[in-house]
Amino acid sequence: MFTCFMQTFLELLQGVDLSKIEKHPDAANLLLRLDFEKDIKQILLFLKDLGIEDNQLGTFLTKNYAIFSEDLENLKTRVAYLLSKNFSKVDIAQMVRNAPFLLSFSVERLDNRLGFFQKELELGVKKTRDLVIRLPRLLTGSLEPVKENMKVYRLELGFKHKEIQHMITKIPKMLTASKRKITETFDYVHNVMCIPHHIIVKFPQVFNSRLFKVKERHLFLAYLGRAQYDPGKPNYISLDKLVSVPDEIFCEEMAKASVQDFEKFLKTL
Amino acid sequence: MGLDGLARLHGLFAAYKPPGLKWKHLRDTVELQLLKGLNAGKRPASEHRVRFLLGPVEGSEEKELTLTATSVPTLIDHPLVRGPAFTSLKIGMGHRLDAQASGVLVLGVGRGRRLLTDMYNAHLTKDYTVHGLLGKATDDFCEDGRLVEKTTYDHVTREKLERILSLIQGSHQKALVMYSNADLQTQEAYEMAVSGVLRPMNKSPMLVTGIRCLQFAPPEFLLEVQCMHETQKQLRRLVHEIGLELKSTAVCTQVRRTRDGFFTLDDALLRTQWDLPSIQDAIQSAAPRVAAELEKNLRPGLGTQ
């Protein structure tokens with residue numbers, strides 16, 4: 001019986017991963033109790049109206065299948081609230097796509113969250129809006145890690161408030177990164193690679209990358225004598241290129257060695 | 001490709017464990033990468049089933065819906081219903097390396113796990129390079145442990161170090177003969193001892209079969225150690241004891257395994273190579289050597305009981 005129901009489901013929206021939904025204990029009960037005409041169709045039309053394409057509906061519903069149990073009026077109020085805060089329709093569609101649970105939050109909750117970010121980060125209204133559009137997970141996730149991370153950046157790592165604002169506008173993911181990873185990365189970059197604060201602020205991507213990559217590449221450059229991170233001196237290597245380029249380009253341009261040499265070096269670590 | 005990929009994934013291969021990574025995380029990462037590769041392959045074609053569906057009949061005057069038999073694919077095997085084809089793989093681990101050590105680590109997949117036990121029972125030696133630092137002593141014999149003592153090391157010369165190393169090798173040689181339970185009066189045991197093949201084939205404490213100094217630039221020195229039945233902590237303790245024998249102190253800065261049995265650094269796969277095709281190739285290329293070595297070691301007559 002479940003298979004027959006799934007056939008209608010799949011025919012209408014390709015892409016919903018039922019194996020993942022099955023893992024949640026109450027999902028099956030919820031979905032079987034829905035009536036196609038009354039609940040599903042209206043909400044699907046509403047989502048399409050919002051701007052979510054057919055092929056994107058699949059991934060959306062895999063994450064937030066519970067949206068079918070929401071009241072259509074509530075969903076419309078929430079979208080109206082976001083529009084009133086000057087989010088454009090295209091922005092709202094993008095936010096809902098990246099954070100499927102956004103529309104399941106009540107208006108007061110969304111309001112609290114937006115207010116928190118505005119007060120905590122002290123960015124202007126437009127910058128807060130851009131931040132939230134880029135990473136809508138901030139509105140749906142818990143606020144405790146964000147508060148914790150802000151304290152870490154300010155007190156433990158010693159960044160000034162303006163520096164933190166600049167880094168967050170460039171890499172919003174820093175707010176939700178794990179505390180241990182941030183402290184370990186900063187410890188290595190600042191103490192071992194001897195890079196001062198103002199250069200780290202210019203390249204916050206280093207907090208987003210894997211620490212082992214930074215370590216391996218830095219040790220290789222140090223072994224070759226090319227570990228120059230001071231912009232004033234010649235043969236300067238910028239931090240963002242250090243972490244983001246793939247191995248072949250790193251070896252060719254920055255280390256001026258072959259990939260085999262890099263691999264041989266890695267086997268001596 | 002999924003099932004064929006799995007068919008070629010039985011055997012032993014070696015990975016290079018970087019320092020700072022726990023061996024369990026390495027095993028889990030390798031498992032995830034292999035599963036990703038296997039699930040990306042083609043699935044077998046789904047079954048079909050005959051169902052009676054309502055549809056308009058062609059060529060009839062009345063617009064009536066009648067039941068027609070059509071063959072429809074069943075959804076039981078659909079990937080979005082069933083999930084990924086492979087969810088777990090059995091990967092076994094050879095001799096472990098602790099978090100700070102690095103080097104060759106042998107892993108066995110599928111039927112290769114049985115070969116791991118054979119390899120363990122073959123009691124082969126392993127090669128390590130150990131970097132030591134003179135002048136301080138810590139509680140866990142590593143560079144970043146709690147400092148216990150600081151000493152001078154100006155009086156330490158290369159000859160003194162080599163004298164200590166040959167003393168260590170001699171004492172371990174005696175222990176080697178004792179633990180192999182071989183009567184040196186017999187011709188067979190004597191020949192084996194002379195050719196260097198003699199070794200214990202059951203549990204024994206750490207035995208160093210060879211140790212020499214590769215580089216000496218005070219305060220740093222580099223040793224090459226061949227040993228069996230060791231743990232990396234015992235190797236670090238060895239460095240500490242060498243420091244004490246030299247009337248100074250020493251800590252161990254790096255322990256690196258260069259050979260585990262018959263897997264060398266050249267066979268070890270780096271982090272970028274932990275994916276399905278490279279591992280399959282590594283298993284294929286190592287398979288004949290593994291078979292030959294295990295056959296040689298487990299042949300009766302070579303045992304020293």
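In what follows, contact means that heavy atoms lie within 4.5 Å. Keep that in mind for everything below about what covers or touches what. Also keep in mind that this is a predicted model.

**The two chains**

Let's start with the overall picture. Chain A is built with 18 helices and zero strands, while chain B has eight helices and twelve strands. Here are the whole-chain numbers side by side.

| Chain | Residues buried | Radius of gyration | Extent along principal axes | Exposed area |
|---|---|---|---|---|
| Chain A | 43% of 269 residues | 24 Å | roughly 70 × 45 × 30 Å | about 14400 Å² |
| Chain B | 44% of 305 residues | 29 Å | about 110 × 50 × 25 Å | about 16700 Å² |

How do those radii sit against a compact globule? For 269 residues, a compact globule would come in near 18 Å, but chain A has 24 Å. For 305 residues the figure would be near 19 Å, and chain B has 29 Å.

As for the surface, carbon and sulfur atoms supply 52% of what chain A exposes and 54% of what chain B exposes. Inside chain A, 71% of the contacts with a separation of 6 or more are between residues 24 or more positions apart. In chain B, among contacts between residues at least 6 apart in sequence, 72% join residues at least 24 apart.

**Helix α2 of chain B**

Now for a closer look at one helix. α2(B) covers residues 23-39, and its 17 residues should span 24 Å at 1.5 Å a residue; the end C-alpha atoms are 24 Å apart, so the two agree. Which of its residues are buried? They are B:Leu26, B:Arg27, B:Val30, B:Glu31, B:Leu34, B:Leu35 and B:Leu38. Looking down the axis of α2(B), these fall within an arc of 165°, so they line one face of the helix. Turned away from that buried side, you'll find the exposed residues B:Leu32 and B:Lys36.

And what sits over the buried face? The cover includes α1 (2-7), β1 (11-17), β4 (91-93), β5 (102-109) and α8 (276-298), which belong to chain B.

**Helix α8 of chain A**

Chain A offers a similar story to walk through. α8(A) has 15 residues and reaches 21 Å from its first C-alpha to its last, close to the 21 Å expected at 1.5 Å a residue. Its buried residues are A:Leu110, A:Arg113, A:Leu114, A:Phe116, A:Phe117 and A:Leu121. Seen down the axis of α8(A), they stay within an arc of 155°, so here too one face of the helix is lined by buried residues. Among the elements of chain A covering them are α6 (72-84), α9 (125-134), α10 (137-140), α11 (144-156) and α12 (161-170).

The face turned away carries the exposed residues A:Glu108, A:Asn112 and A:Lys119. A:Lys119 counts as exposed because its relative accessibility is 66%, and the cut-off for exposed is over 50%. Its C-alpha atom is 34 Å from that of A:Phe68, a residue 51 places away along the chain. Just after α8(A), A:Glu122 takes a positive phi of about 55°.

**The nonpolar cores**

Which residues touch the most other members of the largest nonpolar core? Of its 104 residues, A:Phe159, A:Phe207 and B:Phe263 do. The largest share of this core, six residues, comes from helix α4 (residues 36-50) of chain A. Apart from it lies another core, of 49 residues, among them B:Leu38, B:Ile91, B:Ala250 and B:Trp274. B:Leu38 was also on the list of buried residues in α2(B).

Take A:Phe207 next. It sits in the loop between α14 (197-202) and α15 (211-224) of chain A, and its relative accessible area of 5% makes it buried. Leaving aside neighbours within four places in sequence, A:Phe207 is in contact with A:Leu157, A:Phe159, A:Met167, A:Met174, A:Lys181, A:Ile182, A:Thr185, A:Phe186 and A:Ile200. By C-alpha atoms, A:Phe207 and A:Gln260 are separated by 28 Å, with their positions 53 residues apart along the chain.

Over in chain B, B:Phe263 touches B:Leu12, B:Phe13, B:Ala14, B:Val104, B:Val106, B:Met119, B:Thr258, B:Ala286 and B:Val290, not counting residues up to four places away in sequence.

Methods:
Residues numbered from 1 in each chain as written. Chains lettered and ligands numbered in written order. Predicted model: local features only at pLDDT ≥ 70, side-chain atom pairs only at ≥ 80, totals over all residues. Heavy atoms only, no water. Helix = DSSP H or I, 4+ residues; strand = E, 2+ residues; numbered from the N terminus. Expected span 1.5 Å × (residues − 1). Buried < 20%, exposed > 50% of the residue type's maximum accessible area, 1.4 Å probe, protein only. Arc of directions from axis to C-beta. Core = buried A, V, L, I, M, F, W, Y, C linked by side-chain atoms within 4.5 Å. Rg over C-alpha atoms; globule rule 2.2 N^0.38 Å. Areas by Shrake-Rupley, 256 points an atom, 1.4 Å probe, with all protein chains shown as cover.
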